[in-house]
Structure formats: C-alpha cells, structure tokens
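Q: Please take a close look at the part of this structure that holds its largest nonpolar core. Which residues make up that core, and which elements give two or more residues to it?

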Amino acid sequence: MTHSFSDSELAAYLEEDLDAERASVLEQVLPDDELLLQRLQTIRQQAASGEHTLGSIWRQQGLSCPSRKTLGAYLLGILPQEQALFIRSHIEMRGCTTCRANLDDLQEQQTQNQETQAARTTKYYQSSIGYFSQRQDEMDS
Ligand SMILES: [Zn+2]
C-alpha cells in the first residue's frame, strides 16, 4: 500500500493543521519513507528560513487559512514564534479578511469569557457576604 502526500499536506502537517486522520497515516509511513522524510525536512527548512518563505509556501501550495484553533492559540500568545509571525503577516500583510473576522470573533469570545468569569467571582463574593451578614443579623436578633 502506498500513500502519497502533496507538499501542501506536508506543510500543513508541520503547521499542525493537517487533519488528524491524514496526520496519523503520515506518521505511520514517515519512518520508512526516506524520500518523504527528505521532502518534509526541505519544507521545514524553507519554513524556518523566514516568515516570507513560510507565507509564500502557504500561498504557492494554496494552503488553507489557519484553523480557528490555531487562531485562538495565536490570540492567547501560546503559538511558537515562527507560526505567530506567519499568522500576523497572513492577516496584516496579506490582509486575509476571513482570518481577521475569525480573530475578531475569537477575541470577543475571549473577552466575554473573562467578563463572565469576573462577574461570577464578584457574584460569589457578594452572595457570601450577603450570607454571612444575614447570619450575623439572625444572631443579633
Ligand atoms: Zn486567512
């Protein structure tokens, strides 16, 4: 059984954006496929040599936009620098409106989550205070 992978799939794999099923097939065949390993190595080196190269590989190979998961990680600032740089150039220099909209949406969600979290904490303290002062009143009377 032979499996062939396109350069764009290999690049997607390096970006951890390849779908899980293809990625697991790739990981199975990779150790025994010298040629595939070499191609992966070449793409990795090209990608590592700068954001422009990574961006142009992405464009040339017609790679899809980063996933929402990746964008979310980018917002949280937990992406590797290389990947974060690419996303920034993809959005700011290439001006990808899809990713921009996704990013705005995710940002709003994260802000909302933080607000909900803060509101919950405040509410918890308020109700505890309410509870204790009520107990105090009961004891006083
Ligand atoms: Zn995009």
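A: The largest nonpolar core is made up of 6 residues, namely Leu10, Ala11, Ala12, Tyr13, Ile43 and Ala47, where a nonpolar core is a set of buried Ala, Val, Leu, Ile, Met, Phe, Trp, Tyr and Cys residues joined through C-beta atoms within 7 Å. A residue counts as buried if 20 or more other C-beta atoms lie within 10 Å of its own, as exposed if 12 or fewer do, and as partly exposed in between, with C-beta atoms placed from the backbone. Two elements, α1 (7-14) and α3 (34-48), give two or more residues to this core, and α1 gives the most, with 4 residues; helices here are DSSP runs (H or I, at least four residues) numbered from the N terminus. A second, separate core of 5 residues includes Leu71, Phe86, Ile87 and Ile91.

In helix α6, Gln83, Phe86, Ile87, His90 and Ile91 are buried. They cover an arc of only 120° around the axis, which puts them on the same side of α6, the arc being that of the directions from the helix axis to the C-beta atoms. On the other side of α6, Gln81, Arg88, Glu92 and Met93 are exposed.

This is a predicted model, in which local features need pLDDT of at least 70 and side-chain atom pairs count only at pLDDT 80 or more, while totals for chains, interfaces and linings use all residues. Residues are numbered from 1 along each chain as its sequence is written. The mean pLDDT (the predictor's confidence in each residue, from 0 to 100) of the chain is 79.
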